[in-house]
Amino acid sequence: YKDIANANLYGFWISDYDKNQARRSAQSYGISVTGKPKITRDIRILYRAEYSFQTNLANNPNSFTLGRYRIMGGASFMGVSLKGAVEELGANGTSAFQTPFGTNHKFQGWADKFLVTPKDGVRDINATLAGKILDNTKLAFVYHNFQSVTNSIKYGNEYDFLIKHTFGKHYHILAKYAYYDGASVNGNASYNSGLTKNTNKFWLQAGVKF
């Protein structure tokens, strides 16, 4: 039944006693349910439902309780998958749900604009199309639309592209490109100059695996 539904409960406790990082001290709890049930021999349904909440801990000078959720649905057919998702990291205008040790690069855009959640939070509406060519070349495209949770702010859009080619059993080469199209935040570029600036990033890497 693992393909039909797989549930996980988790908790994280972070106490940062660096006086400049005290706002990172927090406790987080959550639950996730994922699945990829097979409908026919070649078609699978893909889904994920997750909710977590975060509160202050230890020496954090702020008092807050903030929520986070992620809903994803999609399907795969003969090695090609299409997924749509929305993830929201809550905020109250002063504090925002943070994931200081999370792999934000993987989930919130390869341009790395949201490694720290803005004070108004972030709602990431995204879509992913991925597949393989001849079993040794992987292609992927990801689109993100970033908005705030409070104050109705439009941050911008991001377009991510990836190609990975495998040579035999041990070698691969990967190219990845990210373009973040920053919006004028309600006409006020001083809100956060990093979020209004257009950004291009490109990666080229090779790997050996034994």
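Begin the tour at β10, the strand that contributes the largest share of the nonpolar surface patch, namely three residues. The model on display is predicted.

**The nonpolar patch**

Select Phe167, Tyr171, Ile173, Phe202, Leu204, Val208 and Phe210; together they form a nonpolar patch on the surface with about 820 Å² of accessible area. Two elements, β9 and β10 (199-208), each give two or more residues to this patch. Next, move to phenylalanine 210, which is found in the segment after β10. Phenylalanine 210 has a relative accessible area of 76% and is therefore classed as exposed, since the cut-off for that class is over 50%.

**The nonpolar core**

In soluble globular proteins, nonpolar side chains tend to be buried together. For the corresponding view here, select Phe114, Val122, Phe146, Tyr155 and Tyr180, which touch the most other members of the largest nonpolar core, a set of 19 residues. Colouring by element is useful at this point: β6 (122-133), β7 (137-147), β8 (154-167) and β9 (171-182) are the elements that supply two or more residues to this core. Then centre on phenylalanine 114 and display its surroundings. Leaving aside residues up to four places away in sequence, phenylalanine 114 touches Asn104, Gln108, Val122, Phe146, Tyr155, Tyr180 and Leu195.

**The salt bridges**

Side chains of opposite charge can pair when their charged atoms come close. The model contains ten salt bridges, and several merit individual selection.

Select aspartate 3 and arginine 44, whose closest N and O atoms are 3.5 Å apart in a salt bridge. This pair links distant parts of the chain, 41 residues apart: aspartate 3 is in the segment before β1 (6-14), and arginine 44 is in strand β3 (residues 43-56). Both partners are partly exposed, aspartate 3 at 33% relative accessibility and arginine 44 at 23%.

Proceed to glutamate 88 and arginine 123, a salt bridge with its closest N and O atoms 2.8 Å apart. Because glutamate 88 belongs to strand β5 (residues 80-89) and arginine 123 to strand β6, the pair ties together parts 35 residues apart in sequence. Glutamate 88 counts as buried at 14% relative accessibility, whereas arginine 123, at 22%, counts as partly exposed.

Now select aspartate 120 and lysine 119, which form a salt bridge with the closest N and O atoms 3.3 Å apart. Aspartate 120 is buried, at 1% relative accessibility, while lysine 119 is partly exposed, at 42%.

Finish with Arg48, Glu50, Arg68, Arg70 and Glu87, which are joined into one network by salt bridges that share partners.

Terms used: Residues are numbered from 1 along each chain as its sequence is written. This is a predicted model: local features need pLDDT of at least 70, side-chain atom pairs count only at pLDDT 80 or more; totals for chains, interfaces and linings use all residues. Side-chain values use heavy atoms; hydrogens and water are left out. A nonpolar core is a set of buried Ala, Val, Leu, Ile, Met, Phe, Trp, Tyr and Cys residues joined through side-chain atoms within 4.5 Å. Buried means under 20% relative accessible area, exposed over 50%, partly exposed in between (1.4 Å probe, protein chains only). Helices (H or I, at least four residues) and strands (E, at least two) are DSSP runs, numbered from the N terminus. Contact means heavy atoms within 4.5 Å. Patches are made of residues with over 30% relative accessible area and no salt bridge: like charges are joined within 9 Å, nonpolar side chains (Val, Leu, Ile, Met, Phe, Trp, Tyr) within 5 Å. Accessible areas come from the Shrake-Rupley method with a 1.4 Å probe; for residues, only the protein chains shown count as cover. A salt bridge is a side-chain nitrogen of Lys or Arg within 4 Å of a carboxyl oxygen of Asp or Glu.
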